[in-house]
Amino acid sequence: MDWKNILLYARGGTRETAKGTMTELASDPLDGSLLVQQGGKLRAAALAGRLFTACNTAIVTTTVGATTTWAGLGVANPTGSGIKIIMHEFNFAQWLINTGEGILALATTTDSGFAAAITPRNRAFGGPPSKAYVDDGATVVAPVVEQYIAGLTHGAADVDGVPAILRVDLHGSLVLLPGRSVVTYTDIAQLKCSYEFMWEEIPL
């Protein structure tokens, strides 16, 4: 079953019943409904073929700041797509310790300059293709920082080291309407980085 807008009423308090017994919904003392979605919060989107992921196919060196000549990883919802893109996860790996201190953030811009350079993967393997464009470098409208993600590892010299890997749950808190995109942002050039986005596509 897919998720719809449903109005539910729950009886206060919890109760124990035998397996298979039909009971009323229950709520906690703060009137929060006690519902458990089996299989994880993204299960319904994955089963419906609406969940996608994309990552860098090669290690990248990022550009400095909110520049129009950008490199990293970005997801664009092309104009006229007829969908909303709900961003669920962002992951990154830093393969080189840099001498300079740096910040990693997510920024937003338009879909101008984006190309389908990287093919998204449907998490329902064999499911329908994504309508998003994923790119690792383009000439774009100057991005605006939306959310800071992490401070990046630095040291006395640019040396390879144990990769710093971070998974960030965005909780569906960033939605891209047609003609909008999200891109990675670093305030200094970061060498040897890899990024990944996971998102859901739903009709407007």
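The paragraphs below lead through a predicted model, beginning with its strands and ending with a patch on its surface.

A good place to start is the open sheet of five strands, whose order is β8-β4-β11-β6-β9 and whose pairing is antiparallel. Its edge strands are β8, covering residues 133-139, and β9, and each of these pairs on one side only. Within this sheet, neighbouring strands are turned against each other by 25 degrees on average, when direction is ignored. One of the pairings can be followed in more detail: strand β4, made of residues 69-77, runs antiparallel to β8 and is joined to it by six bridges. In this pairing Thr69 stands opposite Thr139, which belongs to β8.

From there the reader may turn to strand β3, which spans residues 51-55. Four of the five residues of β3 are buried, and the strand is therefore largely enclosed by the rest of the structure. Strand β3 runs antiparallel to strand β12, residues 193-203, and five bridges join the two; in this pairing Ala54 stands opposite Phe197 of β12. Two bridges also join β3 to strand β7, residues 121-122, and this pair is antiparallel as well. Here the bridge partner of Thr53 is Arg121 in β7.

Is Cys55, a residue of strand β3, buried or exposed, or does it fall in between? With a relative accessibility of 39%, Cys55 counts as partly exposed, because that class lies between the limit of under 20% for buried residues and the limit of over 50% for exposed ones. When neighbours within four places in sequence are left aside, Cys55 is in contact with Leu73, Ile118, Tyr195 and Glu196. The C-alpha atoms of Cys55 and Phe92 are 9.1 Å apart in space, although 37 residues separate the two in sequence.

On the β12 side of this pairing, Phe197 offers another view of the surroundings of β3. Phe197, which lies in strand β12, has a relative accessible area of 0% and is therefore buried. Its contacts, again leaving aside neighbours within four places in sequence, include Phe52, Thr53 and Ala54, and also Leu73, Gly74 and Val75. Among the other residues in contact with Phe197 are Met87, Glu89, Phe90, Leu106, Val182 and Thr184. Phe197 and Phe52 are 145 residues apart along the chain, yet their C-alpha atoms are separated by 8.3 Å.

The charged side chains come next. Side chains of opposite charge can pair when their charged atoms come close. How many salt bridges does the model contain? The count comes to three, and each of them can be located in turn.

In one of these salt bridges, the side chains of Asp169 and Lys41 meet at 2.7 Å, N to O. Because Asp169 lies in strand β10, residues 159-176, while Lys41 lies in the loop between β2 (26-27) and α1 (43-47), the pair ties together parts that are 128 residues apart in sequence. Asp169 is partly exposed, with a relative accessible area of 23%, and Lys41 also counts as partly exposed, at 48% relative accessibility.

Another salt bridge is formed where the side chains of Arg50 and Glu200 meet, at 2.8 Å from N to O. This pair links distant parts of the chain, since Arg50 sits in the loop between α1 and β3 and Glu200 in strand β12, 150 residues apart. Arg50 is buried, and Glu200 is buried too.

The remaining pair to describe is that of Glu89 and Arg167, whose side chains meet in a salt bridge of 2.6 Å, N to O. It, too, links distant parts of the chain, with Glu89 in strand β5 (residues 83-97) and Arg167 in strand β10, 78 residues apart. The two partners fall into opposite classes: Glu89 counts as buried at 10% relative accessibility, whereas Arg167, at 53%, counts as exposed. Glu89 has already appeared above, as one of the residues in contact with Phe197.

The walk ends at the surface, where Ile103, Val145 and Tyr148 form a nonpolar patch that has about 270 Å² of accessible area together. Val145 belongs to strand β9, residues 144-152, which is one of the edge strands of the open sheet. With a relative accessibility of 31%, Val145 counts as partly exposed.

Conventions: Residues are numbered from 1 along each chain as its sequence is written. This is a predicted model: local features need pLDDT of at least 70, side-chain atom pairs count only at pLDDT 80 or more; totals for chains, interfaces and linings use all residues. Side-chain values use heavy atoms; hydrogens and water are left out. Patches are made of residues with over 30% relative accessible area and no salt bridge: like charges are joined within 9 Å, nonpolar side chains (Val, Leu, Ile, Met, Phe, Trp, Tyr) within 5 Å. Accessible areas come from the Shrake-Rupley method with a 1.4 Å probe; for residues, only the protein chains shown count as cover. A salt bridge is a side-chain nitrogen of Lys or Arg within 4 Å of a carboxyl oxygen of Asp or Glu. Buried means under 20% relative accessible area, exposed over 50%, partly exposed in between (1.4 Å probe, protein chains only). Contact means heavy atoms within 4.5 Å. Two strands pair if DSSP finds at least two bridges between them. Axes are lines fitted to C-alpha atoms, for helices over the stretch in contact, and angles run from 0 to 180 degrees between N-to-C directions.
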